[in-house]
Structure formats: structure tokens, C-alpha cells
Amino acid sequence: MTEPRRAGTVRPYVRFAVGVALLAAAAALLWSRRGDLAAAFEAAQAPRLGDVAGLLACVVANVVLTAAYLRLILSRYGRVGGLEMQAVIAVATLMNYLPMRPGMFGRIAYHRRVNGIPVASTARSIVEAAGLSAAIALFLAAVAAISAAGGWSLWYGVAIPLAPLIAGAWWFRRTRWLPAALLRYLEVLVWALRYHLAFAIIGTPVSPTAALAFACVGVIATMVPVVGNGLGLREWAIGLLAPFLAAAPLEIGVTADLVNRGAELIVIGTLGCAGLWWLSRRTR
């Protein structure tokens, strides 16, 4: 029994080390291509303050929408306050950057102790939310692919599900699923805006179709359980796909996602600390 337990304890730290190594490799790649990147940045205009502020605001919107749709799914099993869920998700997201994904387990323990929701129910809601997220990301990825291949308007494909989702969320609010799907759908679109702004900040704007495709890749990479919040994995996924999705060099894709990650860390760090302070006062 000792060896399996020891392996189970060590494995999360190995995954965290893999994520950090991937992030370090991305930084090393950018350092090795620093001449090309410097030339590209010199040719581009200085980033507009509006783009930077917009990127930070998009990260805030992602956190708010994530908490809202997770609360809807969890509401089938127990009651959690709106502001309370915002604080819990902000803290959990921040803690998930650490080894062993303590944010997820901390959220499960919090809902059990404070909200009286069984561990199995919270775990089930996490799986359900992941399945919903994957389905929406795959659908929007298909929309982006069809738009790029067939020359069709991306906006038609994106807008088609909105009307039934909004109508269903209004008429069938007790189901919780349709309102949650609508919020998650909007959140992935916010991710697309994040990538649009991140590429614009480094002076390499991409099309809306490419931004939506990057958003789907980023969402799926973040869900991979190898490392928390897709640390390192997401940067390489965006970089490797940049030549195919946006005709941009690998290092440009990595740089854009590092800009995205930087904005994420600023916002998550701020909201996570504020959420931890709010929850500690509330539970005390």
C-alpha cells in the first residue's frame, strides 16, 4: 500500500513540474528568437491602452461567467450565494496554479462544509460542467473550421445557437442547463475576444475566425488535467497551431498566449486574494 500511496502523492508534483518545464521551454524559445521578435515589435505600433484594458476586462468577465454557470449547474444539488460563488471560483482558480490542483479539492470541501452539498454531488457538477464546456468548444471549433473552409460568414454560425439558447434560458429557467449553456457559450466568445486583443497587443492582429479557433483550443487545453489551468500546455498549443490558424510563426503564437497568461495572472491574483479575504470573513 505504501508504494501506490507514494506514487499518488508524487504524481501531482510531477505534473506541475511538467507544466513549469513547458512554460520555461516557451520562454527559452522566445529568447532564442528574440531578434526576430524584436524586429516584429519594432515594426508594430505600441499597444493601445484600450487593448490592454480590454484584455484585463475580458479575464474578469471570464471569471464572472464561469462562476455564474457553475453555480447554475451546482444549484441542482444545493444552494450557493451568487457573490459567494464568485469568491469561491476566484480562489479556486488561483489555487489551481499550485501542484495537486488544491483549488478543485478546496471547492469541493468548501461546498460540503459551508453549503452542505455532498462531495459526490459537487464532483458530479464539475464533470457535467466539463462536458458542457467541451461540447460548446467543439461546436464553435467546427463553426470556425466551416467558415474558414467554405468562406461562409462566421457570425451566422456563431449567432445561430444564440436565439434558441436565449429563448430556452428564459422559458425553461428551472432546468438550469439552458441558462448554464448560454453563459458558457458567451464565455467562450469572450475567450475569442481575449485572443483577438492579445495578438493585437503584440502587433500581429488575427481574423475573428482565427481568434475563435484559438479560443476553442485554449478552453480545451485548460481542461486537460495534466497541469492546473493549462499552465505551459496552453502556450504551446496556441504556438504550434498559430501557423495553421493564423499564418503566424510559432513564436508569435506563444508570445500572444503569454500576454494572455500575464493578464490572467494579474486578474486572478487580484480576484483570488479578494475572494479569500471575503470568504475568510464570511466563514469566521
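So, contacts along the chain: taking those with a separation of 6 or more, 70% are between residues 24 or more positions apart. Keep in mind that this is a predicted model. The secondary structure comes to 12 helices and 0 strands, and if you read the elements from the N terminus, you get α-α-α-α-α-α-α-α-α-α-α-α. Of the 284 residues in the chain, 44% are buried. The accessible surface is about 14400 Å², and carbon and sulfur atoms account for 70% of that.

Okay, let's look at a helix pair. Helix α4, residues 82-95, packs against helix α5, residues 102-113. Their axes are 7 Å apart, and the angle is about 150 degrees. Anything over 145 counts as roughly antiparallel, so that's what we call α4 and α5. Who makes the contact? From α4 you have E84, M85, V88, I89, A92 and M95, and from α5 it's P102, G103, R107, Y110 and H111.

Moving along to helix α6, residues 119-150, I'd like you to find S125. Buried or exposed? S125 has 2% relative accessibility, so it counts as buried. If you leave aside the neighbours within four places in sequence, S125 is in contact with I73, L74 and Y77.

Now for the salt bridges, where I'll spend most of my time. The count comes to 9, and I'll walk you through three of them.

Start with E264 and R194, whose side chains meet at 2.9 Å, N to O. This pair links distant parts of the chain: E264 sits in helix α12 and R194 in helix α9, which covers residues 177-201, and the two are 70 residues apart. Both E264 and R194 are buried.

Next up, D257 and R234, another salt bridge, at 3.0 Å, N to O. Here D257 comes from helix α12 and R234 from helix α11, with their positions 23 residues apart in sequence. How accessible is D257? Its relative accessible area is 0%, so D257 is buried. R234 is also at 0%, so put that one down as buried as well.

And the third one: R261 with E235, 2.7 Å from N to O. Again we're going between helix α12, which holds R261, and helix α11, which holds E235, and these two are 26 residues apart. Both R261 and E235 are buried.

Now put those pairs together on the screen. R194, R234, E235, D257, R261 and E264 are linked in a network of salt bridges. In that network, R194 is the residue from α9, R234 comes from α11, as does E235, and α12 supplies D257, R261 and E264.

Let's stay around α11 and α12, but go out to the surface. Which residues form a nonpolar patch there? They are L241, F244 and L245, with about 300 Å² of accessible area together. F244 lies in helix α11, residues 233-245. At a relative accessible area of 69%, F244 is over the 50% cut-off, so we call it exposed.

Then there's the loop between α11 and α12, where you'll find A247. Have a look at the backbone there: A247 has a positive phi, about 55 degrees, although it is not a glycine. Is A247 buried or exposed? With 72% relative accessibility, A247 counts as exposed.

Last stop, helix α12 itself, residues 250-283, and in particular I266. I266 has 53% relative accessibility, so this one counts as exposed too. What's the spacing between I266 and V59? In sequence they're 207 residues apart, but C-alpha to C-alpha the distance is 9.3 Å.

So that's my tour. If you take away one picture, let it be helix α12: E264 reaches R194 in α9, D257 pairs with R234 in α11, and R261 pairs with E235, also in α11. Those six side chains make up the linked network, and on the same helix, α12, you have I266, which is exposed. Okay, back to the structure on the screen, and over to you for questions.

How values were computed
Residues numbered from 1 in each chain as written. Predicted model: local features only at pLDDT ≥ 70, side-chain atom pairs only at ≥ 80, totals over all residues. Heavy atoms only, no water. Patch = residues over 30% accessible without salt bridge, like charges linked within 9 Å, V, L, I, M, F, W, Y side chains within 5 Å. Areas by Shrake-Rupley, 256 points an atom, 1.4 Å probe, with all protein chains shown as cover. Salt bridge = Lys/Arg side-chain N within 4 Å of Asp/Glu carboxyl O. Helix = DSSP H or I, 4+ residues; strand = E, 2+ residues; numbered from the N terminus. Buried < 20%, exposed > 50% of the residue type's maximum accessible area, 1.4 Å probe, protein only. Axes fitted to C-alpha atoms, helices over the stretch in contact; angles between N-to-C directions. Parallel < 35°, antiparallel > 145°, perpendicular 65-115°, else oblique. Contact = heavy atoms within 4.5 Å.
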